[in-house]
Amino acid sequence: MEIKAKFITYQDLANALGCSYQQVAQVHSKRIIEAFHIDKKRLPKAGMLPLDLVEKYFDLSIDIQANEKTI
(Lines give C-alpha, C1' and ligand atoms only; values in the text may rest on other atoms or scores of the structure.)
Protein backbone atom coordinates (compact mmCIF):
# COMPACT_ATOMS: atom_id res chain seq x y z
CA MET A 1 0.00 0.00 0.00
CA GLU A 2 1.41 3.34 -1.00
CA ILE A 3 0.72 6.38 1.16
CA LYS A 4 0.86 8.81 -1.76
CA ALA A 5 -2.09 7.08 -3.40
CA LYS A 6 -4.34 7.82 -0.41
CA PHE A 7 -3.07 11.23 0.71
CA ILE A 8 -2.34 14.57 -0.95
CA THR A 9 0.14 17.16 0.25
CA TYR A 10 -0.85 20.76 0.75
CA GLN A 11 1.54 21.77 -2.04
CA ASP A 12 0.04 19.29 -4.51
CA LEU A 13 -3.45 20.48 -3.58
CA ALA A 14 -2.41 24.11 -4.05
CA ASN A 15 -1.00 23.28 -7.48
CA ALA A 16 -4.18 21.43 -8.47
CA LEU A 17 -6.39 24.31 -7.32
CA GLY A 18 -4.19 27.02 -8.75
CA CYS A 19 -3.86 28.81 -5.44
CA SER A 20 -1.08 29.42 -2.94
CA TYR A 21 0.27 26.95 -0.40
CA GLN A 22 -0.64 29.44 2.33
CA GLN A 23 -4.28 29.49 1.24
CA VAL A 24 -4.46 25.70 1.41
CA ALA A 25 -2.67 25.55 4.77
CA GLN A 26 -4.65 28.36 6.38
CA VAL A 27 -8.11 27.97 4.84
CA HIS A 28 -8.90 24.81 2.91
CA SER A 29 -7.10 22.31 5.15
CA LYS A 30 -8.80 23.66 8.28
CA ARG A 31 -12.21 23.50 6.61
CA ILE A 32 -11.62 19.94 5.39
CA ILE A 33 -10.37 18.80 8.81
CA GLU A 34 -13.41 20.32 10.54
CA ALA A 35 -15.96 19.18 7.95
CA PHE A 36 -14.91 15.53 8.09
CA HIS A 37 -13.82 15.42 11.74
CA ILE A 38 -10.29 14.30 10.85
CA ASP A 39 -8.03 13.39 13.75
CA LYS A 40 -4.78 15.10 12.78
CA LYS A 41 -2.80 12.65 14.93
CA ARG A 42 -3.81 9.81 12.60
CA LEU A 43 -2.47 11.45 9.44
CA PRO A 44 0.87 10.08 8.17
CA LYS A 45 2.60 13.46 8.58
CA ALA A 46 1.87 17.16 8.80
CA GLY A 47 0.87 18.86 5.58
CA MET A 48 -1.13 15.94 4.18
CA LEU A 49 -4.84 15.26 3.80
CA PRO A 50 -6.79 12.13 2.80
CA LEU A 51 -7.32 12.32 -0.95
CA ASP A 52 -10.84 10.84 -0.89
CA LEU A 53 -12.05 13.45 1.59
CA VAL A 54 -10.44 16.27 -0.38
CA GLU A 55 -12.28 15.08 -3.48
CA LYS A 56 -15.56 14.94 -1.54
CA TYR A 57 -14.95 18.44 -0.14
CA PHE A 58 -14.64 19.94 -3.62
CA ASP A 59 -17.50 17.85 -5.10
CA LEU A 60 -20.46 20.23 -5.20
CA SER A 61 -22.98 17.40 -5.37
CA ILE A 62 -22.16 16.19 -1.84
CA ASP A 63 -23.68 17.86 1.24
CA ILE A 64 -20.75 18.10 3.63
CA GLN A 65 -22.85 18.93 6.71
CA ALA A 66 -24.59 15.55 6.40
CA ASN A 67 -21.28 13.69 6.29
CA GLU A 68 -20.19 12.28 9.67
CA LYS A 69 -17.16 10.30 8.47
CA THR A 70 -14.16 10.19 10.80
CA ILE A 71 -10.65 9.13 9.85
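Visitor: Let's start with one residue: in which element does H28 lie?
Guide: H28 sits in helix α3. Bear in mind that we're looking at a predicted model.

Visitor: Why does H28 count as buried?
Guide: The cut-off for buried is under 20% relative accessible area. H28 comes in at 12%, so it counts as buried.

Visitor: And which residues does H28 touch, leaving out those up to four places away in sequence?
Guide: H28 touches L17, C19, Q23, Y57 and F58.

Visitor: What makes α3 roughly perpendicular to α4?
Guide: Helix α4 covers residues 51-58, and α3 packs against α4 at an angle of about 100°, with the axes 10 Å apart. Angles of 65 to 115 degrees count as roughly perpendicular, so α3 and α4 get that label.

Visitor: Which residues make the contact between α3 and α4?
Guide: On the α3 side they are H28, R31 and I32, and on the α4 side V54, Y57 and F58. By class, this contact divides into 4 nonpolar, 1 polar and 1 charged.

Visitor: Now the other helix pair. How do the axes of α2 and α3 cross?
Guide: Helix α2 (residues 10-17) and helix α3 (residues 21-35) have axes that come within 9 Å and cross at roughly 100°.

Visitor: Why is α2 called roughly perpendicular to α3, then?
Guide: Check the angle against the range again: 65 to 115 degrees is the roughly perpendicular bracket. The crossing is at roughly 100°, so α2 is roughly perpendicular to α3.

Visitor: Who's involved in the contact of α2 with α3?
Guide: From α2 you have Y10, Q11, L13, A14 and L17; from α3, Y21, V24, A25, H28, S29 and I33. Sorted by class, the contact has 8 nonpolar, 3 polar and no charged residues.

Visitor: S29 is in that list. What makes S29 buried?
Guide: S29 is found in helix α3. Its relative accessible area is 2%, and buried means under 20%, so S29 is buried.

Visitor: What does the side chain of S29 reach?
Guide: The side chain of S29 reaches the backbone oxygen of A25 at 2.8 Å. A polar contact needs N or O atoms within 3.5 Å. Skipping residues up to four places away in sequence, S29 also touches Y10, V24 and L49.

Visitor: Why is Y21 called partly exposed?
Guide: Partly exposed is what's left between buried, under 20%, and exposed, over 50%. Y21, which lies in helix α3, has 37% relative accessibility, so it counts as partly exposed. Outside four places in sequence, Y21 is in contact with Y10, Q11 and A14.

Visitor: How far apart are the C-alpha atoms of Y21 and T9?
Guide: They are separated by 9.8 Å, with the two positions 12 residues apart along the chain as the spacing.

Visitor: What about S20: where is S20 found?
Guide: S20 is in the loop between α2 and α3. At 33% relative accessibility S20 counts as partly exposed. A polar atom of the S20 side chain lies 3.1 Å from the backbone nitrogen of Q23, and the polar-contact limit is within 3.5 Å.

Visitor: What is odd about the phi of H37?
Guide: H37 has a positive phi of about 55° although it is not a glycine. Most residues other than glycine have a negative phi. H37 lies in the loop between α3 and β2 (48-50).

Visitor: And how do you know that H37 is partly exposed?
Guide: Relative accessibility is 40% for H37, so it counts as partly exposed, with the bracket running between under 20% and over 50%.

Visitor: Why does L51 get the label partly exposed too?
Guide: L51, placed in helix α4, has 25% relative accessibility, so it counts as partly exposed. Beyond four places in sequence, L51 touches A5, K6, F7 and I8. L51 and T9 are 42 residues apart along the chain, with C-alpha atoms separated by 9.0 Å.

Visitor: To step back, in what order do the elements run from the N terminus?
Guide: The order is α-β-α-α-β-α, which comes to 4 helices and 2 strands. Of the 71 residues in the protein, 31% are buried.

Definitions and conventions
Residues are numbered from 1 along each chain as its sequence is written. This is a predicted model: local features need pLDDT of at least 70, side-chain atom pairs count only at pLDDT 80 or more; totals for chains, interfaces and linings use all residues. Side-chain values use heavy atoms; hydrogens and water are left out. Axes are lines fitted to C-alpha atoms, for helices over the stretch in contact, and angles run from 0 to 180 degrees between N-to-C directions. Angles under 35 degrees count as roughly parallel, over 145 as roughly antiparallel, 65 to 115 as roughly perpendicular and the rest as oblique. Contact means heavy atoms within 4.5 Å. Ala, Val, Leu, Ile, Met, Phe, Trp, Tyr, Cys and Pro count as nonpolar, Asp, Glu, Lys and Arg as charged, and the others, Gly among them, as polar. Buried means under 20% relative accessible area, exposed over 50%, partly exposed in between (1.4 Å probe, protein chains only). A polar contact is a pair of N or O atoms within 3.5 Å; within protein, one must be able to donate a hydrogen and the other to accept it, and residues adjacent in sequence count only if both atoms are side-chain atoms.
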